[in-house]
Amino acid sequence: MTVGDKTLLAAVVLIGVALFVVFPRWVLSGGVEVEVVSEDRIVGRYPLAEERLIEVPGRVGVTVVRVKGGRACIESSPCPHKTCMKMGDVGPEGGVVVCIPNEVVLRTTKPRDDGMDAVTR
Amino acid sequence: MTDQVVKLARLALLLALATVIHTAEGLIPITVVWFRFGFANIIGLATLELFGFKDALVVTLGRIVLGSLAYGLFGSPAFVLSLSGGICAVVAMGLAYRFTAGVFSEIGISVVGALAHNVAQLTVAYLLFIRNEAALLLLPLMMLTAAGTGFLNGLASRVFVKHFRATAVNIPSSRSSECKRA
């Protein structure tokens with residue numbers, strides 16, 4: 001093993017560990033807006049503060065997204081199992097709600113500053 | 001003439017070995033180990049060292065195509081990921097081998113290859129299949145596994161090349177002109 005090998009290995013491990021700390025914060029940062037994606041296209045970004053119903057056309061039909069009380073969820077969906085409706089809601093802590101059959105994705109964006117990196121469930 | 005045949009036979013053997021390792025590795029239950037060790041790259045790296053970049057590319061592409069045919073995964077997303085990773089790994093290892101002579105041993109080159117493989121796979125997966133930033137969360141994890149598997153494969157490749165050179169007399173690639181005269 002040469003000096004180059006050791007340097008490379010050390011660098012890769014260090015960068016890997018560093019990214020471990022930095023990446024989740026960057027990728028999963030919470031937000032005050034919900035981004036609605038349908039079939040790889042961003043349909044729109046809506047502030048969580050305003051109550052609204054959004055009709056999102058997808059592959060199978062129309063998914064209805066509800067924004068209420070600072071949280072976004074899927075109100076109704078044309079998909080067979082309604083897993084997306086059972087996924088609950090996403091709020092400023094960050095997260096994703098996905099409807100696979102209809103190819104609709106909700107996610108919250110923008111960082112928040114109360115010291116919490118992310119919440120998983 | 002003879003040395004060409006000898007070279008072809010040896011490359012065929014390496015390709016067969018790589019395909020078997022590639023296929024056998026897929027049998028490791030995915031619930032226990034979710035990442036691949038990339039053991040087949042041992043042969044890719046050894047071919048690079050013994051016969052050069054072009055042959056390493058042929059062996060790697062060949063084992064990915066043959067391995068996926070054996071699994072019935074030819075043309076599937078797994079095949080596309082495997083292919084993109086394989087090509088990038090060989091190109092990166094070829095460049096590292098050529099332009100950083102003396103800096104890296106087999107281990108370093110293997111780590112470079114493993115890194116290129118993982119980064120290429122993740123990029124392709126993100127661009128073609130997942131399109132969600134959450135997929136990028138795997139990057140640090142994949143970097144760490146690349147360091148580990150790259151190290152192991154590099155060691156194995158060194159042993160393989162040493163053994164190959166010791167047992168297979170008269171490897172013709174470097175002195176083909178001499179052989180032609182004789």
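Mentor: Let's start with the vocabulary: a residue is buried under 20% relative accessible area, exposed over 50%, and partly exposed in between (1.4 Å probe, protein chains only). This is a predicted model, where local features need pLDDT of at least 70 and side-chain atom pairs count only at pLDDT 80 or more, while totals for chains, interfaces and linings use all residues. Residues are numbered from 1 along each chain as its sequence is written, chains are lettered from A and ligands numbered from 1 in the order written, and side-chain values use heavy atoms, leaving out hydrogens and water.

Trainee: Okay, why does Thr19(B) count as buried?

Mentor: Thr19(B) has 12% relative accessibility, so it counts as buried. Thr19(B) lies in helix α1 of chain B, where a helix is a DSSP run of H or I with at least four residues, a strand is a run of E with at least two, and numbering goes from the N terminus. Leaving out residues up to four places away in sequence, Thr19(B) touches Arg63(B), Leu66(B) and Gly67(B); touching, or contact, means heavy atoms within 4.5 Å.

Trainee: And what makes Leu8(B) exposed?

Mentor: Leu8(B) has a relative accessible area of 59%, and therefore it is exposed. Leu8(B) is also found in helix α1 of chain B, residues 2-25. Its C-alpha atom is 10.0 Å from that of Asp55(B), a residue 47 places along the chain.

Trainee: Over in chain A, why is Glu39(A) called partly exposed?

Mentor: Glu39(A) has a relative accessible area of 30%, so it is partly exposed. Lys82(A) gets that label at 31%. Glu39(A) sits in the loop between β1 (33-38) and β2 (41-47) of chain A, and Lys82(A) in the loop between β5 (71-76) and α2 (83-86) of chain A.

Trainee: What is the phi of Glu39(A) near?

Mentor: Phi of Glu39(A) is near 50 degrees, a positive value in a residue other than glycine. Lys82(A) has a positive phi too, near 60 degrees. Both get flagged because most residues other than glycine have a negative phi.

Trainee: How do you know what counts as a nonpolar core?

Mentor: The set must be buried Ala, Val, Leu, Ile, Met, Phe, Trp, Tyr and Cys residues joined through side-chain atoms within 4.5 Å. The largest nonpolar core has 26 residues, and Leu8(A), Val12(A), Ile109(B) and Val112(B) touch the most other members. Two or more residues come from each of α1 (3-27) of chain A and α2, α4, α5 (106-130) and α6 (138-167) of chain B. The top contributor is α5(B), with eight residues. A second, separate core has 17 residues, including Val56(A), Ile74(A), Val90(A) and Cys99(A).

Trainee: What does Ile109(B) contact, leaving aside neighbours within four places in sequence?

Mentor: Ile109(B) is in contact with Leu45(B), Met93(B), Ala96(B), Tyr97(B) and Phe104(B).

Trainee: How do α2(B) and α4(B) cross, left-handed or right-handed?

Mentor: The crossing is right-handed; that means the near helix is turned clockwise from the far one by less than a right angle, while anticlockwise would be left-handed. The axes of α2 (residues 40-51) and α4 (residues 77-99) of chain B come within 11 Å and cross at roughly 35 degrees. Axes here are lines fitted to C-alpha atoms, for helices over the stretch in contact, with angles from 0 to 180 degrees between N-to-C directions. Asn41(B), Leu45(B), Leu48(B) and Glu49(B) of α2(B) meet Met93(B), Gly94(B) and Tyr97(B) of α4(B).

Trainee: At what angle do α4(B) and α5(B) pack?

Mentor: They pack at about 145 degrees, with axes 7 Å apart, and the crossing is right-handed.

Trainee: How many helices and strands does chain B have?

Mentor: Chain B has seven helices and zero strands, while chain A has two helices and eight strands. Along the sequence, chain A reads α-β-β-β-β-β-α-β-β-β. Of the 121 residues of chain A, 37% count as buried; for the 182 residues of chain B, the share is 45%.
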